Amino acid sequence: MDSKLKARSRAALALAVTSATLLTGCGSGSSAPAAKDDGQPLEVWARAGTDASTTYAALFKEFTAKTGIPVNFQGVPDLDQQLQTRAASKKLPDIVINDSAALGNYTSQGYLQKLDKSAVDGGDKISDSLWNEAVGQDGATYGVPFSRQTMVTMIRKDWREKLGLPVPKTQEDLAALATAFATQDPDGNGQADTFGMTVPGSTERGYLGWWASSYLWQDGGAYLKDNGNGKYTASAASSESQKGVTWIKQQFCTPGNTQPGALTAATSAASPFFQTGKTGIILTGPYNFSSFDTALGKDRYEVIETPKGSVDNTVLAEGENIYVTATNGKKDQTKQVIDYLVSADGQKAGMTAGKQPIVRVPVNSDVDAAAVYNDPRWTVVQDALKNSSKSFPSAINFVPIKQAAAESLNKIFSDCAADNVASGLKDLDSAITNELTSQNAKS
C-alpha cells in the first residue's frame, strides 16, 4: 500500500471511529451512538454524468411527490475523489449509489453502515446472488442492490453481411471476423481505414484489466481464486489464464485487429471508434445502446451472445448498490428511499424517467427489462447476466488488483516480439499476492 493510500485510510479510520457503525431504519444493532439527523434534506450522491443525472433527478422528484420527503441529489462523476474530501470533514453524503465493486474499498475506509436486508421492503424480490455481492469480509451486509448489467458483444451487422461472414460463435471466429473487418474494406469506401475490435487498453483506472477479464474467464483463467470466507489466492499465472492472455495478445499483435492506439485508450477514447464506423466489434455494456442507436442506427449493428472461449462464454457483470454512509442519521427517510428505489415503480422510473437509464437490468424480479424497454436486445443482456456472467469480488478492495492487472497486461501486449506471457503473469501473481496480504485477504 503506497503512502497516499495509507494516509487516506488513516483519515477514513478517524471518520469511522468518530461516527462508529451507525444505524438506519434498516440497520443492525450497535452499542455505538448513532449520528443525528441534521434537519437537512436527504443528501444522495451517485457517480453519474449529465444524462444519467437527469434520470436520477426525475426519479427523486417522483419519490418526493409520493412521500413528501425532499432529496438533495448530486451527480458526481469523480465520486471517489469527492468522497475523500467529505470524509476529511467527517460529513459524508447520506446515501451513495455507486458500483457494487466499490464495497470493499468503502468498508475498508469506514464509510458505510451495516444494513439488515430483511428490513428492506421488497428485499425478497432481489436474488440471493445479488445480496451476496453486498456482503463485506466480516459477513455483514453493507449495500442494497439497485441495478445490474453485463457485457455483451456488439458487431456491425451490415459489415458482416456485406462480407458474407457468419455470426461468430467462438473466439477463433471473432478473431477471424476482426481480421476481415480490418482487411476487406467492409464499409466499401476503397480505403484501408477500418479495424476489428474496439479495445480500452489503457492502464488508466485499470481499464485493460477490466476489459480483458471476460476473455480470461472464457478460457478458464482468472486473476483470483475465491477460497471462501473473504480469502483469496492469486491465479493469474495459471495455464488457463496464460491461454486467455495469449489469445488477447494475438489480437493486439495482428495488424488491424484492434484500433490504433488501443493500448493507451480509455473507454472515452475507444468507444468512438465503433460509434463513428471505424471498428466493427465491441465488448461493452448495454448503456451504450442509446448512443450507438443515434450514431449508427439500430439496424446497422447487432447484439449477440458473446462467442465462447475454450471453456465457456462468461462475461463481466457489474452494477450499482445503494450505500448508507457512516454519518447518516436520517433513519426513516433513508429507509423510505431504499424501499422506493428497489420497488417495481422505482426500478421502472430508473429505466425510463430520463435521458439515460440508471437501472439497466432491474434487481427486482417482478420487472422485465426487455418488456419495459420494448427492446429484444435486453433479452440478450438478461440471459447473459443470468446464465453466463461473473462479477469481480466486492468484499475486498479490488481496485488495486484491477490496476495491477491492467499494468501487467499492457506491458505484455506492448511487446509483440517477446515471449513474455508466462513471465508477465507470474509478476502479476506476485503483485496480487502482495495486495491480498496487505488487505488481510490472502488464504
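**Entry 1. The four-stranded sheet**

I began with a sheet of this predicted model. I found four strands in an open sheet, ordered β6-β9-β5-β10, with mixed pairing. At its edges I noted β6 (195-198) and β10 (301-304), each of which pairs on one side only. I recorded an average twist of 20° from one strand to the next.

**Entry 2. Strand β5 and its partners**

I then followed β5, residues 152-156, which runs antiparallel to β10 and is joined to it by four bridges. Within this pairing I looked up two residues of β5. Met154 has Val303 of β10 as its bridge partner, and Arg156 has Tyr301 of that strand.

With β9 (residues 279-284), β5 pairs in the antiparallel sense, again over four bridges. Here I located Ile155 opposite Ile281 of β9.

Is β5 covered or open to solvent? I found five of its five residues buried. In general, side chains in a regular strand alternate between the two faces of the sheet. I therefore checked each side of β5 separately: Val152, Met154 and Arg156 are buried on one, and Thr153 and Ile155 are buried on the other.

**Entry 3. Helix α3**

Which residues of α3 are buried? In this helix, residues 79-88, I listed Leu79, Leu83, Arg86 and Ala87. Viewed down the axis of α3, the buried residues fall within an arc of 100°, so they line one face of the helix. On the face turned away from that buried side I noted Gln81, Thr85 and Ala88, which are exposed. After α3 comes Lys90, and I recorded its phi as positive, near 60°.

**Entry 4. Positive phi in two loops**

As a general matter, most residues other than glycine have a negative phi. I therefore noted two further residues that depart from this pattern.

- Asp185 has a positive phi near 50°. I placed Asp185 in the loop between α7 (171-183) and β6. Its relative accessibility is 21%, and Asp185 counts as partly exposed because the class of buried residues ends at 20%.
- Arg205 is not a glycine, yet its phi is positive, at about 55°. I placed Arg205 in the loop between β6 and α8 (207-218).

**Entry 5. Salt bridges**

In general, side chains of opposite charge can pair when their charged atoms come close. How many salt bridges does the structure hold? I recorded 20, and I examined some of them individually.

I looked first at the pair Asp158 and Arg300, whose closest N and O atoms are 3.4 Å apart. Asp158 belongs to helix α6 (residues 157-162) and Arg300 to the loop between α11 (289-295) and β10, so this pair ties together parts that are 142 residues apart in sequence. I found Asp158 partly exposed, with a relative accessible area of 26%. Arg300 is also partly exposed, with a value of 34%.

Next I took Arg377 and Asp375, which form a salt bridge with the closest N and O atoms 2.8 Å apart. Are these two residues buried or exposed? I found both Arg377 and Asp375 buried.

Lastly I examined Asp94 and Lys91, a salt bridge with 3.9 Å between the closest N and O atoms. The cut-off for a salt bridge is 4 Å, so this pair is counted. Asp94 is buried, with a relative accessible area of 1%. Lys91, at 26% relative accessibility, counts as partly exposed. I also traced a network in which salt bridges with shared partners join Asp38, Lys91, Asp94 and Lys330.

**Entry 6. The protein as a whole**

I closed with the overall figures. The protein has 17 helices and 13 strands. Its radius of gyration is 22 Å, close to the 22 Å given by the globule rule for 443 residues, so the protein is as compact as a globular protein of that length. Along the principal axes, I found that the C-alpha atoms fill a box of roughly 70 × 45 × 35 Å.

What percentage of the 443 residues is buried? I recorded 53%. I also looked up the contacts between residues at least 6 apart in sequence, and 75% of these join residues at least 24 apart.

Conventions:
Residues are numbered from 1 along each chain as its sequence is written. This is a predicted model: local features need pLDDT of at least 70, side-chain atom pairs count only at pLDDT 80 or more; totals for chains, interfaces and linings use all residues. Side-chain values use heavy atoms; hydrogens and water are left out. Two strands pair if DSSP finds at least two bridges between them. Axes are lines fitted to C-alpha atoms, for helices over the stretch in contact, and angles run from 0 to 180 degrees between N-to-C directions. Buried means under 20% relative accessible area, exposed over 50%, partly exposed in between (1.4 Å probe, protein chains only). The arc is that of the directions from the helix axis to the C-beta atoms. A salt bridge is a side-chain nitrogen of Lys or Arg within 4 Å of a carboxyl oxygen of Asp or Glu. The radius of gyration is taken over C-alpha atoms; the globule rule is 2.2 Å times the number of residues to the power 0.38. Contact means heavy atoms within 4.5 Å.
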